[in-house]
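Please find below my notes on the model, set out as numbered points. They begin with individual strands and helices and end with the chains.

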Amino acid sequence: MGRYVVRRLLQLIPVFFGTTFLIYWLVWAVPGDPFAGKCGERRCPDSYIAFMTEKYHLDENVFLQYLHYMQNLLRGDFGQTFGGRSINDLIAAAYPNTLKLALVALAVEGIIGITAGVLTGLRRNGFMDNLVLVSTLFLIALPTFVTGFVLQFLLGTKWHIINPTVSSDVPFNELIVPGFVLGSTSMAYIARLTRTSIAENRRGDYVRTAIAKGLPMRRVVGVHLLRNSMIPVLTFLGTDLGGLMGGSIVTEGIFNINGIGREVYRAIVTKEGATVVSIVVILVLVYLIMNLVVDLLYAALDPRIRYE
Amino acid sequence: MSDILVSEQSASDASGRPTGRLLEVDDLRVEFRTRDGVAKVINGVTYHVDAGETLAVLGESGSGKSVTAQTIMGILDTPPGYVTGGQVRFHGRDMLAMSSEQRRRIRGEGIAMIFQDALSALNPVFTVGFQIGEQFRIRRGMSRADAKKRTIEMLDLVQIPNAKGRVNNYPHQFSGGMRQRVMIAMSLALDPEVLIADEPTTALDVTVQAQIMDLLAELQRERRMGLILITHDLGVVADVADRIAVMYAGRIVEEANVHELYAKPAHPYTLGLLDSIPRIDEKGQQLRTIKGLPPSLLNIPPGCPFNPRCPMAQPICREKVPPLLQLGPTRASACHFAEELVNNG
Amino acid sequence: MSDPTIGSMVTTPPAEDPAVAGGTAPPDAGLPAGKQRQGKPRGLLGDAWLDLRRRPMFWIPAVLILIFVVMAAVPQLFTHTDPTQGLLERSRVAPSGSAWFGYDVQGQDVYARVIYGARASIVVAVLSTIGTVLIGGAIGILAGFRGGWVDAVLSRIADIFFGLPFVLGAIVILFTFNKPGSSNSTFKIMMLVIVSLVVLTWPVSMRIMRSSVLATKEADYIVAARALGASSARIVFKHLLPNCLAPLLVYSTILIGSFIGAEATLSFLGVGLHSPVVSWGIMISESQNYIRVSPHLLLFPATFLVIAVLSFVMLGEAVREALDPKLR
């Protein structure tokens, strides 16, 4: 088991450097003036160019640049925006909001998705079953921004049930609708995955054995069936959390949540290269670590794969 | 010839008095309703087992032997399976007429079942200790500690070495034979009166087969259990069974005690089965088989279901379904020419 | 990133075991000779087609898709109005008898724009899907078939691209090469969007193909083919590919649907297609500030978008059910 973890960690390292280098290259090293547009619409002051060139070694080739950048990074220094603001501070202010949104979205999609999936998986071909199948198809087809738009308009602007935008202290209750929007597609997936998993496992031999043992149906379903059926669902949720923690440019934009997604979008649009790369580095790291956690989760849930 | 029907059973059934048998299946009928039609899987099966005896139910795939067992346990898949007639009596009371809660209580405590493939029959994500202990904790209300103690005792009983160490292992960590022992331990946890073993050794090596059969025999003797052994393997049956019921196309075609059956079968099908066993003193000769295939249960031929394959078929076989004729106190056969078979041999 | 439909849809491998699609004997192999169908055994794909033919859940989306394709190819069949011709006096006029969907902010006919918008959306989605499937599929076969360090390297490369959050990666790529305000031609803009979609999504089709190949590689009939002296190329094209196609086929159909949504999302964010191109995403993006007063600006393009995506997704589901031997 330990060897498995070590192996995965080793695989993680080249991928981390590969992805971050890719982004670095795209932002800084595409042919052309690296400072074009980095200071807004004006041309950057010479003192700034000299300072940044020296700091980021921009007169050297892109690999060395990248190396220097990573060195700084590993010391915990994410650099500064062109306005002089510490990127570390920027991330520290925005990321918690993204995390809150991610957790709410996970909770919403998990609870609704799993419940719908369990109910329809146990009893197929009812009215409920068709309802869930149709609505999940619909949710999968709707792009997030359309869902976001429509719900913001209907629930916020038109019917005044919620605030159209989220207030700056980002309280949890205001995140429910944005969380729902963010998680809507995944929720549909979870419902279908749960449904299929339960329906397939229902016919498993061990279910028959559990009934033959004389256990009450409550226990057969609630303990034996569920524990097996949940494995793919929980691993999906884990992977999804990894994606959710990457922030959502669209949802944060629509509901005006000051999270990491919006920050990175802002940075791209205002051509803040350093900010973009730094945020992406964090996101990639989080994503890779979440992947590893999900693999471990899978091993924890399914004893069969622990001993390879 | 006189149609002496299977005697004692029917007399007591009609008046409804309990017959004193531990478990009996009485004229059971089960059909499977599928998209392609209705398959008559069980067509009037009657057998019984008493405390301390072993009944072997012998038959090919599709003969209905497993479905009968599933109906006894109440684990028949409905849909597509439906019971359309007959009774299953435990201590004289018809289980098919009971509520599902009453039936549930009989499972494990009164009648228990073990299955062919222990790897898929056991839950892969729980330890064997959990799965066996469940019976003690949930059905008997024992504490975790007590349940664990009893579980280890059960594992010892089925001769799993180092039971204490292995109680927290998962099913896939055991070998095939060990897994089957675990299943046996689990089924005996609540001390049932009847154990149904559905092809318990089919998936195992020959040497392990013998060990498991010995274990079953020993446990049965110790506990005075009724054992219903479902199998298609004549070799396994010879050692262990007291009585044998041979099934074909959802019917019992012959019933006898083990010596009688092997010495002088009373049905062409049984004859064919015994004949097809390769014998070491017949080296170099062609293997004998029963020609043809079992009938599709969607479309059972009229008359005796075996008639298309029977070397002795006569016109009457194609017209009239032979009833199960009593040939002696322990023998019955569903063949129009059963008596001739027994007498001529 | 979790917001665009690609992210969630694409990281979930098909729930069915791809090995199932790599069936062994033809379906009627066990029947006595008389009962076998005449001629060549049809195989899984042939059986699937017969099954699909009689499902309404196949025909409804299929017909809708056909309509959209015609709309994309020959928009003139549906409207004679020029979608880029705008009269400011008509700005945001509500739908009426003469203009069924009303007019947009610049006074352009919304109905015409919706019809012409189909082309951009569908062409981008279809070309991106073809690119993703071809490139990802080829790399997947290579990785799966060769194994060893080839597989290790290719899988790590795929992981690198996988690690890039989709929307983020798309924005960065498009921003770098297609800055808003730059005067790229329609063709160039579309190609850039297609390229970024392919670059970010190929790892998923690669993984699907790779796991299909891995599952089928050890099948007896492959070993038999090798023992008979078949070359690697022959094994791949004649034996492996047909059996690994099924999950990829299902995936491609759904992918077209996701890409339509993805293109719309990118346009909405301002980095995808932009004027003078007409697409549903652009129209939805432009309707942002006017929802309250002119909901028709959002309603019509959004409805067409949703129906188009829904059709592809439904088609994908129907194909998946038809190809699943377990449901027979």
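1. In this predicted model, strand E10 (residues 251-257) of chain B is largely enclosed by the rest of the structure, because six of its seven residues are buried. The criterion behind that statement is a relative accessible area under 20%.

2. The pairing of E10(B) can be followed on both of its listed partners. Strand E9 (residues 243-248) of chain B runs antiparallel to E10(B) and is joined to it by six bridges, and within this pairing Ile244(B) has Ala256(B) as its bridge partner, while Tyr248(B) stands opposite Arg251(B). With strand E12 (residues 332-333) of chain B, E10(B) pairs in the antiparallel sense over two bridges, and here Glu254(B) is opposite Ser333(B).

3. The connection between E9(B) and E10(B) deserves a look at the backbone torsions, since the two strands form a hairpin with two residues between them. Ala249(B), which lies in the turn, has a positive phi of about 45°.

4. These strands belong to an open sheet of eight strands in chain B, with mixed pairing and the order E6-E7-E8-E3-E9-E10-E12-E11. Its edges are formed by strand E6 (111-114) and strand E11 (325-326) of chain B, each of which pairs on one side only. Helix H12 (residues 268-275) of chain B packs on this sheet, where it touches strand E3 (54-58), E9 and E10 of chain B, and the direction of H12(B) makes about 105° with that of E9(B).

5. Chain B also contains an open sheet of four strands, in the order E2-E1-E4-E5 and with antiparallel pairing. The edge strands in this case are strand E2 (37-49) and strand E5 (93-94) of chain B, each pairing on one side only. Strand E1 (residues 23-34) of chain B pairs with E2(B) in the antiparallel sense over ten bridges, and Val25(B) finds its bridge partner in Tyr47(B) of E2(B). Helix H2 (residues 65-73) of chain B packs on the sheet and touches E1, E2 and strand E4 (81-90) of chain B, its direction making about 110° with that of E1(B).

6. Does the geometry of helix H6 (residues 144-157) of chain B agree or disagree with the expected rise of 1.5 Å a residue? It agrees, because the 14 residues should span 20 Å at that rise and the end C-alpha atoms of H6(B) are 20 Å apart. Just after the helix, Gln159(B) takes a positive phi of about 65°.

7. The buried residues of H6(B) are Ala147(B), Thr151(B), Ile152(B), Met154(B) and Leu155(B). Seen down the axis of H6(B), they fall within an arc of 160°, and they therefore line one face of the helix. This fits the general rule that an α-helix has 3.6 residues a turn, so that residues three or four places apart point the same way. The buried residues of H6(B) pack against helix H5 (128-140), helix H7 (163-166), helix H8 (176-188) and helix H9 (206-223) of chain B, whereas the face turned away from the buried side carries the exposed residues Ala145(B) and Lys149(B).

8. Between chain A and chain B, 21 residues of chain A are in contact with 25 residues of chain B. The area buried between these chains is about 2200 Å², and carbon and sulfur atoms give 60% of it. In chain A, the residues that lose the most area to chain B are Arg208(A), Ala212(A) and Lys213(A), which together account for 27% of what that side buries.

9. Asn123(B) is a residue that I would ask readers to inspect individually. It is found in the loop between helix H4 (118-121) and H5 of chain B, and Asn123(B) is buried, because its relative accessible area of 1% falls under the 20% limit. Leaving aside neighbours within four places in sequence, Asn123(B) is in contact with Tyr206(A), His224(A) and Asn228(A) of chain A, and with Gln131(B) and Pro171(B) of chain B.

10. Chain C can be summarised by its overall composition, which comes to twelve helices and zero strands. Buried residues make up 55% of the 328 residues in chain C. Among the contacts in chain C between residues at least 6 apart in sequence, 73% join residues at least 24 apart.

Terms used:
Residues are numbered from 1 along each chain as its sequence is written. Chains are lettered from A and ligands numbered from 1 in the order in which they are written. This is a predicted model: local features need pLDDT of at least 70, side-chain atom pairs count only at pLDDT 80 or more; totals for chains, interfaces and linings use all residues. Side-chain values use heavy atoms; hydrogens and water are left out. Two strands pair if DSSP finds at least two bridges between them. Contact means heavy atoms within 4.5 Å. Axes are lines fitted to C-alpha atoms, for helices over the stretch in contact, and angles run from 0 to 180 degrees between N-to-C directions. Buried means under 20% relative accessible area, exposed over 50%, partly exposed in between (1.4 Å probe, protein chains only). The expected span of a helix is 1.5 Å times one less than its number of residues. The arc is that of the directions from the helix axis to the C-beta atoms. Buried area is the accessible area (1.4 Å probe) that two parts lose on being put together, summed over both.
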